[in-house]
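This briefing goes through the strand pairing, the charged side chains and the aromatic rings of one protein model. Please keep the sequence and the coordinates open while reading.

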Amino acid sequence: QVQLVESGGGLVQAGGSLRLSCAATGNILSISLMGWYRQAPGKQRELVAFITSGGKTNYGDSVKGRLTISRDNAKNTVHLQMDSLKPEDSATYYCYTEGSVGTRAPFVSWGQGTQVAVSS
């Protein structure tokens with residue numbers, strides 16, 4: 001079983017910055033994809049960004065140019081640097097990973113979520 005521990009959420013004023021982190025632990029053989037999704041009240045969960053083991057990134061249209069995803073493969077950790085935050089970025093942010101465990105079985109894992117609130 002793979003566990004994800006998220007950190008870094010909080011309250012910030014519009015235009016400010018936050019940095020989210022997520023560490024994956026467990027019997028991990030490899031992680032192919034790490035990323036973040038978010039969900040605001042009354043809205044569907046949406047992709048924020050993901051990054052592959054090779055460093056290829058993909059961002060949701062609403063965050064391009066303001067958020068930057070990075071990962072440390074050796075530590076099975078992913079970070080999300082969020083700059084120029086807007087009130088509409090307020091949501092619960094969920095870490096997401098997929099890969100293989102020690103038995104080579106595939107896994108998909110979600111974090112419990114960390115709250116981001118941006119005041120206007």
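The points below are grouped by topic. The model is predicted, not experimental. It has an open sheet of four antiparallel strands, four salt bridges and three aromatic pairs.

**Four-stranded sheet**
- The strand order in this open sheet is β1-β3-β8-β7, and the pairing is antiparallel.
- The edge positions belong to β1 (2–7) and β7 (67–72); each has a single partner strand, so one side of each is left without a neighbour in the sheet.
- On average, neighbouring strands of this sheet are turned by 15° against each other, with direction ignored.
- Within the sheet, β3 (residues 18–26) and β8 (residues 77–82) form an antiparallel pair over six bridges.
- Cys-22 has Val-78 in β8 standing opposite.

**Pairing around β4**
- Strand β4 (residues 28–39) pairs with β9 (residues 91–101) in the antiparallel sense, over ten bridges.
- Opposite Tyr-37 stands Tyr-94 in β9.
- β4 also pairs with β5 (residues 46–52), again in the antiparallel sense and over six bridges.
- Trp-36 is opposite Ala-49 in β5.
- The hairpin of β4 and β5 has six residues between the strands, and Gly-42 in this hairpin takes a positive phi near 80°.

**Salt bridges**
- Arg-38 and Glu-46 form a salt bridge through their side chains, at 2.6 Å from N to O.
- Arg-38 counts as buried at 4% relative accessibility, whereas Glu-46 is partly exposed with a relative accessible area of 34%.
- Arg-38 also meets the side chain of Asp-89 in a salt bridge, at 2.9 Å from N to O.
- Asp-89 is in the loop between β8 and β9 and Arg-38 is in strand β4, so this pair ties together parts that are 51 residues apart in sequence.
- Asp-89 and Arg-38 are both buried.
- Through shared partners, salt bridges join Arg-38, Glu-46, Arg-66 and Asp-89 into one network.
- Asp-61 and Lys-64 form a salt bridge at 3.1 Å, N to O.
- Asp-61 counts as exposed, with 68% relative accessibility.

**Aromatic rings and Arg-45**
- Tyr-37, Tyr-96 and Trp-110 are linked into a cluster by ring pairs.
- Arg-45 lies over the face of Tyr-94, at 3.8 Å from the ring centre.
- Arg-45 also lies over the face of Trp-110, at 4.8 Å from the ring centre.
- Trp-110 therefore has two roles to note: membership of the ring cluster with Tyr-37 and Tyr-96, and a face with Arg-45 over it, where the cut-off is 6 Å from the ring centre.

Technical notes. Residues numbered from 1 in each chain as written. Predicted model: local features only at pLDDT ≥ 70, side-chain atom pairs only at ≥ 80, totals over all residues. Heavy atoms only, no water. Phe/Tyr/Trp six-rings, centres within 6.5 Å; stacked < 30°, edge-to-face > 60°. Lys NZ or Arg CZ within 6 Å of the ring centre and 35° of its normal. Pairing = 2+ DSSP bridges. Helix = DSSP H or I, 4+ residues; strand = E, 2+ residues; numbered from the N terminus. Axes fitted to C-alpha atoms, helices over the stretch in contact; angles between N-to-C directions. Buried < 20%, exposed > 50% of the residue type's maximum accessible area, 1.4 Å probe, protein only.
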